[in-house]
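Student: I have not seen this structure before. Could we go through it one piece at a time?

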Amino acid sequence: MTEMIENKHVVGSRQLADVVVVGAGLSGIYQLYRLLKDGLNVVAFEAASGVGGVWFWNSYPGARVDSHFPHYQYWFSKALWDDADWSERFPAQPEIARYFNHVVDKFDLRRHIHFETRVVSAVFDEASGLWTVRTNKGHEVQARFVVFNTGGLSEPKVPEIAGRDNFAGQTFHTSRWPSAGVDLAGKRVGVVGTAATGIQLIQAIAPVVGHLTVFQRTPNYAIAIQNPKLTEADLDAMRSSFDELHAQVHSSRGGLYYPGDTPPMFDDLPAEERERHLEAIWTEGNLRLWAHSFADTGINPAAAACVSAFVRSKIRARIKDPLLAAKLVPEDYYFGTRRVPLENGFYELFARDNVALVDLREEPFQTMDAAGVNTTKRHHDLDVIIYATGFDAGVGALGQIDIRGNAKRSLKDAWEESLRTTVGMQVHGFPNLFMTMAPFAPAAAICNVPVCIDQQCDWIADTINFVRRKGHQSIQPSAATEEAWMAHHREVSEPTLLAQNKNSWYRRIAADGTRRELIAYMGGIPRYRQVCDAMRDSDYEGFELT
Ligand code: NAP
């Protein structure tokens, strides 16, 4: 029988709780809300001094969301929708950070969160079926369940360049941007990385800095954003379409709803129609070209080649210098097989006198010294280096915590041997441990996150409630259930063109460097939800309950 544990009941230096929630970002906030609403005793920890996760940390200049209005917000409360007061179609980081603070205050969640507190370990005890969670501030909480809402893109990656520590100037990673900002005016700044983050940053700082050196390794196919200010009429329309949109996004493949058909590219479609369709989508200035253009661009190389040629022509038309175009236009992979960024004047800014592009494929980094960085061709003098170099995706944040399940086996070791999850939310051998945005779920990569995490947090809460209601001590997927999920993931995901591009964070390099594992589940939200719901509706057939 499950014993009831009182919330924050202090026994010496120890606390007792039903659930420990780790992280107060996008998913942690909703997870906490939902579990408290269900009447559970929850203790939450957050390493940052505020809420918002990526939207707390990534306060670099130019940061804004790439999911168009009104999709990037919580879906669990119509009242929250009615409050929402977005100013732009693609809101910027400060506005999104304000939104999360509003959510936390509206639902009185803040008092449940220990801020500036990092969870350092979580250890499962098989005899009692309890987790002991410890923090860097000396907390020790025993709980039946632990939920890691630590985000898929939270652990920054910095390139290994010989002599990196010798640099005497300032160094930043975009995802650890100082909240007070950084004065870049007039300085010689180098930015490493030209993907979704780098593009936003570069656009924002080019007019401010003295000189900007952009270090690019792989060029990207970016779509020109259309980001109008929103009107009261837009907000009214948003509020009155909640139910309809809720249904539409939750049955979409990736959590964004686009009206209109997606015909197969070549069946009965004359070339002019194809071009018209592409052109109409392009002018929308959002991610639709990636998510909802033709039915087969993600699987049919000929269709992908056609869209790629279309986007290349759009980019080329904006770059006057052919040598520059040769560096900035991607030629060796298909559009949509890496995360597609949105941009606003990115391609034009390389014509500015104060901006230089360094193609790292022609001149790789060699060493760093006090005054800057050496590529194989020359020395680049810099006052500031900004790394927009991405994250240890999918598993990075969990890898920082000493998590031990059955027989005190470490999750990190288990995943280094073989990265696997069951529907991205549980792992065999780690009873009562749950996670969101982990590998092999849509939320891991290919999803408008608020939609995906809302379903994940609900499934986790439903599962916890089931275990408690039935008087069980623990739940974990059987090894066979996990293998079946992994086999399904590989079957639906690996044949896609996205899976075949090895050069993206959707495929993470295994710790031993031998494998690249596709963490993105490509079966789409409806199929994923069907599997998760079937697990729940069968009273967790294929799971081990004690
Ligand atoms: P990323 O997509 O992983 O891109 C990292 C960039 O750094 C790439 O240009 C990469 O080059 C470069 N890089 C990495 N290691 C390097 C090295 N050793 N030497 C030289 N260059 C190196 O990271 P990100 O741009 O931060 O984006 C990550 C994800 O965050 C996005 O895909 C998106 O899901 C999310 N995001 C969302 C938004 C939004 O919604 N608006 C904004 C920003 C980010 P290669 O391509 O050659 O590896």
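Student: Is Thr 421 buried or exposed?

Tutor: This is a predicted model, and the values here are computed from it. The relative accessible area of Thr 421 is 0%. Buried means under 20%, so Thr 421 counts as buried.

Student: Between which two elements does the loop with Thr 421 lie?

Tutor: Thr 421 is in contact with residues beyond four places in sequence, including Trp 415, Phe 440, Glu 482 and Trp 485. Its own position is in a loop, and the elements on either side are α13 (411-417) and β18 (433-435).

Student: Which backbone oxygen lies 2.9 Å from a polar atom of the side chain of Thr 421?

Tutor: The side chain of Thr 421 has a polar contact with a backbone nitrogen, that of Gly 424, at 3.0 Å. The backbone oxygen at 2.9 Å from a polar atom of this side chain belongs to Pro 439.

Student: Why is helix α14 said to be largely enclosed by the rest of the structure?

Tutor: Helix α14 covers residues 449-469, and its end C-alpha atoms are 30 Å apart, which agrees with the span expected at 1.5 Å a residue. Just after α14, Gly 471 has a positive phi of about 75°. The helix is largely enclosed because, of its 21 residues, the number buried is 18.

Student: Which element gives the most residues to the largest nonpolar core?

Tutor: In soluble globular proteins, nonpolar side chains tend to be buried together. The largest nonpolar core here has 99 residues, and among those that touch the most other members are Val 19, Phe 148, Trp 459 and Ile 464. With 11 residues, the element that gives the most to this core is α14.

Student: How many residues are in the other core, the one with Val 191 and Phe 335?

Tutor: This core lies apart from the largest one. Met 265 and Ile 315 are also among its members, and its size is 54 residues.

Student: Which residue of α14 (449-469) is in contact with Tyr 74?

Tutor: Tyr 74 is one of the residues that touch the most other members of the largest core. Beyond four places in sequence, its contacts include Gly 25, Leu 26, Tyr 99, Phe 100 and Val 103. Helix α14 runs over residues 449-469, and the contact of Tyr 74 that falls in this range is Ile 453.

Student: Against which helices do the buried residues of α4 pack?

Tutor: Helix α4 has 14 residues, 93-106, and its end C-alpha atoms are 20 Å apart, in agreement with the expected span. Its buried residues include Tyr 99, Phe 100 and Val 103. Asp 108 follows the helix with a positive phi, near 55°. The buried residues of α4 pack against α1 (26-37), α2 (54-57) and α3 (78-83).

Student: Which strands stand at the edges of the sheet with the order β7-β16-β8-β9-β12?

Tutor: This is an open sheet of 5 strands with parallel pairing. An edge strand has a single partner, so one side of it is left without a neighbour in the sheet. The strands in that position are β7 (170-173) and β12 (355-359).

Student: Which residue stands opposite Val 355 in β12?

Tutor: β12 pairs with strand β9 (residues 211-216) in the parallel sense, over 5 bridges. In this pairing, the residue opposite Val 355 is Leu 212.

Student: What angle does the direction of helix α5 make with that of β8?

Tutor: Neighbouring strands of this sheet are turned against each other by 15° on average, direction ignored. Helix α5 (residues 196-205) packs on the sheet and touches β8 (188-192), β9 and β16 (384-387). The angle between the directions of α5 and β8 is about 165°.

Student: In the open sheet β13-β14-β15, how many residues does the hairpin from β14 to β15 pass through?

Tutor: The 3 strands of this sheet pair antiparallel. β13 and β14 are joined by 4 bridges, and the hairpin between them has 2 residues. Strand β14 (residues 372-375) also pairs with β15, over 3 bridges. The hairpin that joins β14 to β15 passes through 3 residues.

How values were computed:
Residues numbered from 1 in each chain as written. Predicted model: local features only at pLDDT ≥ 70, side-chain atom pairs only at ≥ 80, totals over all residues. Heavy atoms only, no water. Expected span 1.5 Å × (residues − 1). Buried < 20%, exposed > 50% of the residue type's maximum accessible area, 1.4 Å probe, protein only. Core = buried A, V, L, I, M, F, W, Y, C linked by side-chain atoms within 4.5 Å. Contact = heavy atoms within 4.5 Å. Polar contact = N/O pair within 3.5 Å; in protein donor to acceptor, adjacent residues only side chain to side chain. Pairing = 2+ DSSP bridges. Axes fitted to C-alpha atoms, helices over the stretch in contact; angles between N-to-C directions.
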